[in-house]
Amino acid sequence: MNATQTFICQPDLINPLTTMGLQMSGILVLSHLFHLAMKAVGNSGPVAQILAGLALGPTGLSRIDKVRNFLYEQSTKDYYPVMEFFFSIIFMFQTGLETDISYAIRTLRPASTIAYGGIISCFILGGTVSFFSHRYLDFIGNAYIVYGLFIIIVLANAAPPAVIRLTAELKIATSDVGRLAVCSSLVNDMSCLFLYALIIATHSGKGFGRGILCLMITVGLIFLNKYLALWFNRRNGNQKYLKHTEVFIILSLVIATSMIIELMSYNSSINCFLLGLMFPREGKSARTLLFKLTYSINNFILPIYFGYIGFQFNGNYFQKLENIVTVILVVVLSIAGKVAGTLAACKYMKIPLNEGVLIGFLLNMKGHADLVLLSGVSNILSWTLKSHDLLLMTIVINTVISGVVISIVMRKEEKRVAQAYRSLELQDPENELRLLACVYGPRHVAATVGIISALRGPQTAPITPYLMHLVELPEKHKAKSALYHELEDDEIEVNEDDYGGNDVLEINDAVDAFTADTKVLIQQVKAVSTFSNMYEDICDYAEDLRVSVILLPFHKHQRIDGKMESGKEGIRTTNQRVLRHAPCSVGIIVNRGPGGAPGFTQILSSETTQHVATLFFGGPDDQEALACSKRIATHPCVNLTVIRFVPSPSSSTENASHPDDDVFLADFYNRHVRSGQVRYVEKCVNSGTQTVAALTEMGDMYTLFIVGRGRRGQSPMTTGMSDWEECPELGIVGDILASSEFSINGSVLIIQQHRNPSI
């Protein structure tokens with residue numbers, strides 16, 4: 001509320017804003033320098049940015065008279081809440097927009113348990129100490145209960161901006177512990193802000209009526225945003241993104257609503273988060289907002305946001321012992337309360353101790369809500385500037401200590417919080433499946449989306465798919481040294497085409513149609529690289545996203561006459577390198593079908609039934625293919641048949657099968673075949689010729705064939721088949737199914753199980 005009134009009522013804007021511009025520039029430069037220096041020793045960005053602000057503020061360079069006179073103006077301090085207000089609006093809106101709603105619902109119970117465990121612990125400690133600390137903080141008046149609740153909120157609050165940024169920099173944002181910490185911080189922050197709103201409502205007398213009005217305004221804007229998003233999507237059907245004016249309209253509505261809520265004495269952070277959370281995810285509107293906001297927030301808003309927290313730190317108060325004792329007391333109680341409560345909740349939820357410690361310190365990061373309290377509580381309590389500055393110092397120290405401890409813990413526990421599932425075999429079909437699908441253009445999207453649709457399994461099984469658009473960086477542009485403004489108009493247009501061009505439109509439309517039909521959100525990323533380095537981008541993304549399988553398109557495509565035509569050789573080279581270096585299992589999709597149409601397409605309704613065959617010869621790769629089939633078999637529109645190839649009983653040749661094949665198949669048979677969910681067939685063959693004949697017989701029966709790449713040992717069933725091998729990256733059987741001389745009406749998915757590099 002104070003921030004909005006200051007912005008509206010200030011008669012002179014020019015001089016304070018000029019000074020703030022200088023401060024922001026200095027914070028940005030120092031924060032990037034600090035980040036580069038501290039990143040080498042494992043410290044995070046938020047800590048470096050807070051220290052950069054501290055170095056520029058009254059405790060650091062501003063102790064010099066010339067620097068202080070240049071950077072400080074008396075009225076500038078009134079605009080810090082204004083800046084924090086606008087930054088928090090944008091960030092909380094983007095946080096809601098990026099929040100995985102399905103995951104948040106699934107983890108609501110553990111996240112709430114952890115969040116409220118820390119809040120209750122801080123409630124006990126904060127309530128106890130508040131009765132003794134009020135005189136050291138120069139509290140004036142008789143509202144002891146309000147003062148006690150205020151101290152409790154300061155101790156208990158967690159800052160989602162700091163937690164989200166920290167988990168992203170430590171590369172644990174996609175891990176179970178990282179996502180749980182982010183969800184817990186959101187529950188914690190929303191709860192503390194709601195308690196603050198209740199205090200405001202109780203104190204003002206008219207607050208509850210205004211609160212209902214604020215809720216109605218928020219709900220109204222949620223519905224208006226849904227209408228606007230659909231309308232903007234239709235208006236820009238042939239464009240990659242929305243126009244700048246349309247983005248401005250959406251953000252203006254969010255900011256205007258937030259200012260109205262603030263003028264009603266309520267905090268607008270919950271409102272902004274809900275607006276982002278309920279914004280339609282499919283289509284160009286959400287994609288444009290994320291594209292526009294993410295870069296600005298990560299490179300400008302957050303560094304300035306954290307930098308200003310440190311910039312307001314005034315170390316001159318440490319000249320008195322009682323101030324030092326007060327700050328240390330609040331910091332210790334905050335850390336002890338949050339970590340102890342979080343560990344107790346994690347023990348109850350049977351979460352490992354090391355992860356509990358990490359979550360506890362992540363939830364001890366302070367930020368926006370604390371600053372809101374410091375600026376807004378002055379309307380209720382009477383205290384001095386010293387009280388404000390001392391509590392601000394506890395926020396800074398708390399965040400710096402927690403950030404350093406988290407970096408130390410992560411250096412020791414990095415391997416333990418790495419991805420748990422590097423293959424499909426180790427995963428339960430009912431658990432979340434994370435996969436990375438790669439496409440080079442619209443031609444690959446139909447088959448890829450069809451596989452994702454099938455891997456979704458039942459409605460209850462969660463899936464988190466990522467689609468990576470791979471764009472070749474031509475050597476001529478790589479070698480070109482001209483800057484963007486030095487290029488001619490035709491060169492700029494060629495550049496645009498080289499970096500995705502109109503392919504992006506068709507890919508986006510296909511993804512949006514899939515999301516609208518299945519309600520499964522596919523998150524999109526783009527990698528622009530030369531073919532020689534493209535495999536590194538794929539493997540790095542797969543490791544950062546902690547996926548269990550990578551799906552790659554085959555370098556050949558089918559013509560109308562059914563023949564397979566080779567595409568760019570760089571695609572084949574990339575596939576081969578990914579197979580060698582991938583941090584998880586890999587699948588290669590060969591898109592085949594009658595008349596050149598995809599054999600396996602997206603499953604849209606219960607009226608469409610896809611017949612899928614899994615070919616099992618033996619070995620780890622075939623076991624992985626069977627594990628992939630487990631999930632596909634649970635889809636209500638898939639009819640799965642497992643075909644095991646075995647030597648004929650009359651054959652004198654021994655079957656060199658993998659020792660785990662029988663155990664794995666027996667478990668699969670008992671779980672899926674006996675229940676009638678999957679059909680099981682055995683084919684007796686004694687040579688590669690008989691195997692090819694058997695494959696030919698079933699070529700028209702199925703729309704998708706799933707088979708392992710290889711590692712079957714010396715099997716008599718594939719003897720002689722390698723003589724016709726054209727693409728070794730597909731394996732012997734996969735190469736036959738993808739051959740132009742072999743006529744089938746279905747697509748092929750070749751699976752390679754993750755190979756431990758230490759073996």
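Start with helix H27, residues 688-697: in this predicted model, H27 lies across three strands, namely E8 (610-616), E9 (638-646) and E10. Its direction is about 165° to that of E9.

Those three strands belong to an open sheet of 10 strands with mixed pairing. Walk across the sheet and you pass E3-E2-E1-E4-E7-E12-E11-E8-E9-E10 in that order. At the two edges sit strand E3 (523-529) and strand E10 (679-684), each with a pairing partner on one side only. On average, neighbouring strands of the sheet are turned by 20° against each other, if you ignore direction.

Now hop over to the E3 edge. Strand E2, which covers residues 463-472, pairs with E3 in the parallel sense, and the pairing runs over seven bridges. For a landmark here, look for leucine 470, which stands opposite alanine 527 in E3.

Next up is a pair of helices. H23 (residues 531-545) and H24 (residues 569-581) have axes that come within 9 Å and cross at roughly 40°. An angle under 35 degrees would count as roughly parallel, and roughly perpendicular begins at 65, so H23 and H24 are oblique to each other. The crossing of H23 past H24 is right-handed. Who makes the contact? From H23 come Phe531, Ser532, Met534, Tyr535, Ile538 and Cys539, while H24 brings Gly570, Ile571, Thr574, Arg577, Val578 and His581. Sort the residues of this H23 with H24 contact by character and you get seven nonpolar, four polar and one charged.

Conventions. Residues numbered from 1 in each chain as written. Predicted model: local features only at pLDDT ≥ 70, side-chain atom pairs only at ≥ 80, totals over all residues. Heavy atoms only, no water. Pairing = 2+ DSSP bridges. Helix = DSSP H or I, 4+ residues; strand = E, 2+ residues; numbered from the N terminus. Axes fitted to C-alpha atoms, helices over the stretch in contact; angles between N-to-C directions. Contact = heavy atoms within 4.5 Å. Parallel < 35°, antiparallel > 145°, perpendicular 65-115°, else oblique. Left-handed = near helix turned anticlockwise from the far one by under 90°. Nonpolar A, V, L, I, M, F, W, Y, C, P; charged D, E, K, R; others polar.
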